Amino acid sequence: MTQTAQLLPRASREFPLGLHIIDAGITDGGTLDAGITDGGTLDDSRGRAGHANAAVWAPGIASMDVHWRRADGVWTSDTLVGLDGGVHHGVVGPVHPGALYAFWPTGEELPGAPGTAQLLLDPYARAVETITTDTGVAAPGPDVYYSVVLEHTFDWGTSERPGTAWRDTVIYEAHVKGLTKLHPGVPEELRGTYAGLGHPAMTGYLRHLGVTAVELLPVQFHIDEPHLAPLGLSNYWGYNTLGFFAAHTDYATAAARAAGPAAVLDEFKGMVRSLHEAGLEVILDVVYNHTAEGEQGGPALCWRGLGDLDYYRHDGDRYLDTTGCGNSLDFSQPHVMEFALDSLLYWVEECGIDGFRFDLAVTLARDEHNAFSPRHPFLVAAKASKALRGTKLITEPWDIGHDGWQTGRFPVGWADWNDNFRDTVRDFWLRDLAEIADGGPGSSPGRLAGCLAGSSDAFAASGRSALGSINLITAHDGFTLADLTAYEHKHNEANGEQNRDGHDHNHSFNHGVEGPTQDPAILAARERSARNLLASLLVSLGVPMLTAGDEFGRTQGGNNNAYCQDNEIAWVQWPDDDVSRRMLAATRALLSIRREFLSRQPSSFPSRADQSTLLWFSGAGLPMTAHEWEDPRTRTVQFLLGSTGGTVSGLVVVNGSLREAQITLPSAPQGQDAAQPRWFSAVFDSADPESDLLAGARLLSGDPDTLAPDSLRIYRC
């Protein structure tokens, strides 16, 4: 061990947690260090060795050492002699950029030689390196993980954040690897990588599609759960985070990985820059509810060794788990909240990220009594943070703990995934259709109307408008849009859990045959149902989210839990057949219609309570009665998108029956001159999106029209 780490004077000791070089330019071991990486190659980054501030929160440990590898490959260590409020801190070094390092309690026996044994990672590390240990036999030993010193700068050029208003936002949920792994327009060496997502073939596609934001499944450094390796599987989705400040290395190109962590981060930031230049925001799916250390008694990789009782939520001597992952982080601890907030700030300030979707967000808002609070300090602090101002904050508003379903209860400034919208729209267009086909009544239109109008019954009490609702039909978790119309049962056998995993209640309808079929009538019905679902999503008030590949009918073969399928099951296929072309054309048309209608509306959506955005009519063109709203036989409704006494953009007519619907186009809304004729021209028909009727024929208020069974039509006013 070298001399103990220097203690900074009181006035300058307020430095950030982690390890940061403060006086680069000192030589390491008496030789000139021009940035030599651990692998012996020139590190293009960012300066020479120097002394470093080191700090880590570990309140239950009396004294802490930091171990690091010098440029000559020799491991050394210093003791952090400062201790304030549970934070061990001091100055160590010289340390060079790219050095591996880790923490270990002073005086405790090391589990093995540094570099081959698992020490404790820095929770604030900007990069994590995986080392496969050598057991001396044919099979490699377990992986160990080390923090990496990373001092990084990046040229953002003239790139600016798009700053898309919530009202204009359309989210596209995607996986970095899966989106581009099979894309024929992306160069082969870039497929499945950050650079692949930033390639013009991909950014151009997304712009032409009409989305405004890409929401990426976890890109923070993550590892596989132990049970997957024996099955030959991996955690493809990535909800098992080990480095909350580090980009996931495996999503970088081979060239960037070979060049080192600085090049990996360059590539990640380059992707963000390219997406911004294309006018697309970048939202990260983040997992602060648990860590990769897993169930109690598992390995101590970082937080468990630094302070098991301080980081994780306990009930006596056992973990209190609200996530199903075995180790819920305790957000009643101020330092845990600070850790999550610091991570968010890093991704915004250093990496240009525009928003976050918080996995199992209810766990992040549980107080010292494990009760959810919409006024939880973490929620308040994130919204109040000046650095996060303008950042989109999206919740997955549930966990598996007591009182874990909280859709609509998060505070102003946050938006929630709306699972009620998802299930209601699926029920109306799929389960009701199956029930009606079997002679049943289906459901009344009231629930569907409430969802399309912004779900004020769920969101108004929190003080939020429809823009608090992230409307979705599908997400990474569950059936794809095409599979919703082709499967009634999950088919997860490839996951190695005897089909026990995944949801059993999917609100889906296979239209008479489970899975693939050559029956043209069934195939046509499935296409129509998919268009009905998609159209309902894209004409609804709120913020729509598409799942990558749904726009052209991607299938996972009925697997509704493809978290461990890093293969063609979960990767986005890019077909070029008539079905996919029709679906893609319909998606683009609907997104174009949404933009057109929004451009003629007020700048924000008020709540449904004032009836100022959707004006509802029966199939006969008359205002809906209370009885009609509750009558399951009322399967045909119409609504005008507009404001009372103001501009009307369009008319949407829903026919959820199995019969043709004879309708009368509605008259002008109350407050407008009823004598003034209103013209309607059809611009979309889910029954036949290529129909000649979309060529511009015009009808007047009071004119009759006919809708095909099980269809949705949109008119421009």
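In the predicted model, Pro94 is placed in strand S6. The peptide bond that joins Gly93 to Pro94 is cis, with omega at about 5°. Strand S6 covers residues 87–95, and Val87 belongs to this strand as well. With a relative accessible area of 14%, Val87 falls under the 20% limit and is therefore buried. Leaving aside residues up to four places away in sequence, the contacts of Val87 are Leu17, Ala55, Val56, Trp57, Gly82 and His335. Leu17 is separated from Val87 by 70 residues along the chain, yet the C-alpha atoms of the two are 8.4 Å apart.

Contacts of this kind can be set against the chain as a whole. Of the contacts between residues at least 6 apart in sequence, 71% join residues at least 24 apart. The chain has 717 residues, of which 59% are buried. Its secondary structure consists of 15 helices and 29 strands.

Five of the strands form an open sheet with antiparallel pairing, in the order S4-S3-S7-S9-S8. Strand S4 (75–80) and strand S8 (128–132) are the edges of this sheet; each has a single partner strand, so one side of each lacks a neighbour in the sheet. From one strand to the next, the twist averages 40°. Within the sheet, strand S7 (residues 100–105) and strand S9 (residues 143–148) run antiparallel and are joined by two bridges. Leu100 is positioned opposite Val148 of S9.

Two helices were examined in detail. Helix H5 spans residues 261–277, and its 17 residues extend 24 Å from the first C-alpha to the last, close to the 24 Å expected at 1.5 Å a residue. Because 12 of these 17 residues are buried, H5 is largely enclosed by the rest of the structure. The buried positions of H5 include the charged residues Glu267 and Lys269 by name, together with Ala262, Ala263, Val264, Leu265, Phe268, Gly270, Met271, Val272, Leu275 and His276. Just after H5, Gly279 adopts a positive phi of about 80°.

Helix H7 comprises the 16 residues 334–349; at 1.5 Å a residue a span of 22 Å is expected, and the end C-alpha atoms are 22 Å apart, which agrees. The buried residues in H7 include Val336, Met337, Phe339, Ala340, Leu341, Ser343, Leu344, Tyr346, Trp347 and Val348. An α-helix has 3.6 residues a turn, so residues three or four places apart point the same way. His335, a contact of Val87 in strand S6, falls within the residue range 334–349 of H7.

Positive phi values also occur at residues that are not glycine. Leu360 has a positive phi of about 45° and is located in the loop between strand S17 (355–358) and helix H8 (377–384). Its relative accessibility is 11%, so Leu360 counts as buried. Asp403 likewise has a positive phi, of about 55°, although it is not a glycine. The loop that holds Asp403 runs between strand S18 (392–395) and strand S19 (415–418). At a relative accessibility of 45%, Asp403 counts as partly exposed, since that class lies between the limits of 20% and 50%.

Aromatic side chains form 34 pairs in the structure. One of these pairs, Phe552 with Trp574, is tilted, with 5.2 Å from centre to centre and 45° between the planes. Phe552 and Trp574 are 22 residues apart, and both lie in the loop between strand S21 (543–547) and helix H14 (578–599), where their pairing links distant parts of the chain. Phe552 and Trp574 are both buried.

Aromatic rings are also found beneath charged groups. Arg635 is positioned over the face of Phe428, at 3.9 Å from the ring centre. In a second case, the charged end of Arg698 sits over the ring of Trp679, 4.5 Å from the centre of that ring.

How values were computed. Residues are numbered from 1 along each chain as its sequence is written. Side-chain values use heavy atoms; hydrogens and water are left out. Rings of Phe, Tyr and Trp (its six-membered ring) pair if their centres lie within 6.5 Å; planes under 30 degrees apart count as stacked, over 60 as edge-to-face and the rest as tilted. Helices (H or I, at least four residues) and strands (E, at least two) are DSSP runs, numbered from the N terminus. Buried means under 20% relative accessible area, exposed over 50%, partly exposed in between (1.4 Å probe, protein chains only). A charge sits over a ring if NZ of Lys or CZ of Arg is within 6 Å of the ring centre and within 35 degrees of the ring normal. Contact means heavy atoms within 4.5 Å. Two strands pair if DSSP finds at least two bridges between them. Axes are lines fitted to C-alpha atoms, for helices over the stretch in contact, and angles run from 0 to 180 degrees between N-to-C directions. The expected span of a helix is 1.5 Å times one less than its number of residues.
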